[in-house]
Structures are given as C-alpha cells and as structure tokens.
Amino acid sequence: MKILVTGGAGFIGSHVVDHYIEAGHEVLVLDNLSTGHRENVHHKAELIVADLCDHDRTSDVLERFRPRLVNHHAAQIDIRRSVAEPVFDVNVNVTATVNLLQSAVRSGVEGVLFASSGGAIYGETPAPVEEQAPKAPISPYGAAKAAVEGYLFAYAHTFGLKSLSLRYGNVYGPRQDPTGEAGVVAIFSRAMLSGTQPTIYGSGAQLRDYVCVEDVARANLLATDRLFSETALPSTPDDGAYNIATGASTSVNDLFALLKEVIGFDGEAAYADPRTGELMESRLGVGKASRTLSFQAQIPFSEGLSRTVEWIRSAR
Ligand SMILES: NC(=O)c1ccc[n+]([C@@H]2O[C@H](COP(=O)([O-])OP(=O)(O)OC[C@H]3O[C@@H](n4cnc5c(N)ncnc54)[C@H](O)[C@@H]3O)[C@@H](O)[C@H]2O)c1
C-alpha cells in the first residue's frame, strides 16, 4: 500500500520506513531534516524535504501522493525546548498535526498511526501503567501528545479517519543522535567510547523502560495490520492507544553498568543535580500490545546496547 511517513529521515521513523519497504509497501517520506538525515532514508523510499508547518505544502504532498496510511513520526522532540518555547512546540506538534489530519481526510487517507509517548503522558508510574490509566503530562511536549490523541479520537468520530497511537517507552538503538538532548543510551555510549565520563543527573535511580528501535519498528507493522482490521469506533482515546515497550524497567545506574561492560569502559560516571521535572519512575504495562497486536519486544537489552554501540563506533 502507499504510506506517507512523516519524520521518516529521523531515528525511529527511518527504521519504520525500512520495515515498510521490506514488507513491500510504497513509501513517501516527508521530513524537514531539522534533526533527521537524508542518509537515513531507505533508497527505495522517496524523500520530500518539507516542513509540516507549511500547511499548503503538506496538503499538496498528500493530494498528489494519496496514501492509504499516514504514519506520523515528525515532531519537535526536545522536552526542554517545549518548556522554553511552548508556542513553537504546539505549532509543530499540535497545529501542524491537525493540518496533517485535515489534509489526510481531504485526500482520502484511511488511517493514521501516531508516535505518542508513554513517558510523557502518564507522569510518575510507581507500577506498570495500562493504557486507560489517568494521564499526567507534566511538560508541554507531553500535553501536545495527549492533545493529538484527543484529536485522533475526534477525527475518527467526525470524519471516519481510523487511527492508533503508539505510546513508546524510551526508544534506543542505531541512528539515535548521540549529540541530542534526548537518548541517554546514545549520549552515554558516545561519551564512554571517547573515554569521557558521562553525567548522571540525580541519584541514577530513575527507572525507564528501554525498548530497541527495531522492536518499535516491528510494532508499527503490527499496528498497521491492526488498524485496517479494526471496524469498531473507539469509545475513548485510550481504546486506540498501545504502550510499546518491554514491560521491564532499568535504572540509569544499571544502564551505565551494562554499557561499561559492553564498551569495556573502566571509568565512573559523574553525578550532577537532578533536572527539574524529570520523572523518577516510568513503567509501562505491555499486556494490551501483547494481546491485541501480538507484539512482544524481542531484542534483549544487552544485544540492543551492543548494536547501538557498534553503530556509534562506526558512525564516529
Ligand atoms: N525517541 C524516543 O524515545 C521517543 C519516545 C516517545 C515518542 N517518540 C516520538 O517518536 C517520534 C520520532 O522521534 P525520534 O526519536 O525518531 O526523533 P527524531 O528527531 O530523530 O525524528 C523526528 C523527525 O521529524 C523531523 N521533523 C521535525 N520537525 C519537523 C517538521 N516541522 N516538519 C517535517 N519534519 C520534521 C526531523 O527532521 C526528524 O527526522 C516523535 O514523534 C517523538 O515524539 C520518541
């Protein structure tokens, strides 16, 4: 089928494109290359360099390509930027997304898959949370993800546009930008590979569910099948949402210890003051994705870390 992947030159989006191409789909990527890279885009996918905030251009791209599915991964992903520049964040992450949905309806798109965030919308989760748990997005970035899920629900009911939201855990793996603000695995690996002490903010006891990008890309394929086999309208926005994670959580201190082994780093981490607003515990229940999408993360953490380290080594 014809699939438009926004953000398909980025870290996660480019792996999603690879999986779609390998499954025989025709893929068009729309990306402004603000954090993405042309080299990430599979040679069998076409890339259009455009900004989603250019609403007319976006509509034009959809009108010409007329995809059956829009897989929406483009976003402003820097939580701290969303705090410093919330209007910029909402323009990219909400307004441009609503324009994308509007254009999708006009050009006959049947379904949308949305890259949402488990870490950003649930708030603190002392136990693994299921999809219907109360939401506590504490950053503008998280508020935007929750808002888009609300719009998707409204578009399903108002315009018959099918959708699913995939609420990712902490995604890591090859192609994650080690110089960015997010992505602790990539940032630590890069520092340790160059013999530099990585910095742990706070005690290092913060728990996260680290999921490898190749598992996440596979989840997108399973969700694509699910999207078109589902006929009932969702009763709540949570009906169309799936936590995509491993179900296990790891502390930052344990992550550092694992990376020490993989890299053969014999230094210690530096500790700095905790970052304001950083969650202590982010744990995601994965029962619904397992039952309904038949998704289970398959890549063991040590294997995923080795693949990431190898990629950073070769990209340096
Ligand atoms: N990395 C994670 O752990 C994680 C967790 C939860 C959710 N997500 C979501 O997954 C998606 C992909 O994240 P990623 O980690 O791959 O980040 P990324 O920065 O590598 O990918 C985002 C892509 O979108 C493009 N982009 C940004 N603004 C754009 C615009 N205005 N118009 C067109 N293209 C634009 C960028 O150039 C980039 O290629 C995002 O929606 C993000 O919020 C990521």
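Which residues make up domain 1, and which make up domain 2? In this predicted model, domain 1 takes in 2-168 + 212-244, while domain 2 is built from 171-209 + 246-285 + 292-315.

**View 1. The two domains side by side.** Here you're looking at domain 1 (2-168 + 212-244) together with domain 2 (171-209 + 246-285 + 292-315). Going by C-alpha atoms, their centres sit 24 Å apart.

**View 2. Where domain 1 meets domain 2.** Zoom in on the contact zone and you'll find 36 residues from domain 1 touching 27 residues from domain 2. How big is an interface like this? The usual yardstick is often the accessible area lost when the parts come together. For domain 1 and domain 2 that comes to about 2900 Å², with 59% of it on carbon and sulfur atoms.

**View 3. Polar links across the boundary.** Two salt bridges run between domain 1 and domain 2. One of them pairs Asp18 with Arg175, whose closest N and O atoms are 3.0 Å apart. Counting polar contacts between the two domains gives 16 residue pairs, both partners at pLDDT 80 or more.

**View 4. The face that domain 1 shows to domain 2.** Several elements each put two or more residues on this side: the helices α1 (11-22), α5 (118-121) and α8 (213-229), plus the strands β6 (162-168) and β11 (241-244). The largest share belongs to α8, which supplies nine residues. Sorted by class, this side of domain 1 carries 17 nonpolar residues, eleven charged ones and eight polar ones.

Note on methods: Residues numbered from 1 in each chain as written. Predicted model: local features only at pLDDT ≥ 70, side-chain atom pairs only at ≥ 80, totals over all residues. Heavy atoms only, no water. Domains from an automatic or database assignment. Contact = heavy atoms within 4.5 Å. Buried area = accessible area lost by both parts, 1.4 Å probe. Salt bridge = Lys/Arg side-chain N within 4 Å of Asp/Glu carboxyl O. Polar contact = N/O pair within 3.5 Å; in protein donor to acceptor, adjacent residues only side chain to side chain. Helix = DSSP H or I, 4+ residues; strand = E, 2+ residues; numbered from the N terminus. Nonpolar A, V, L, I, M, F, W, Y, C, P; charged D, E, K, R; others polar.
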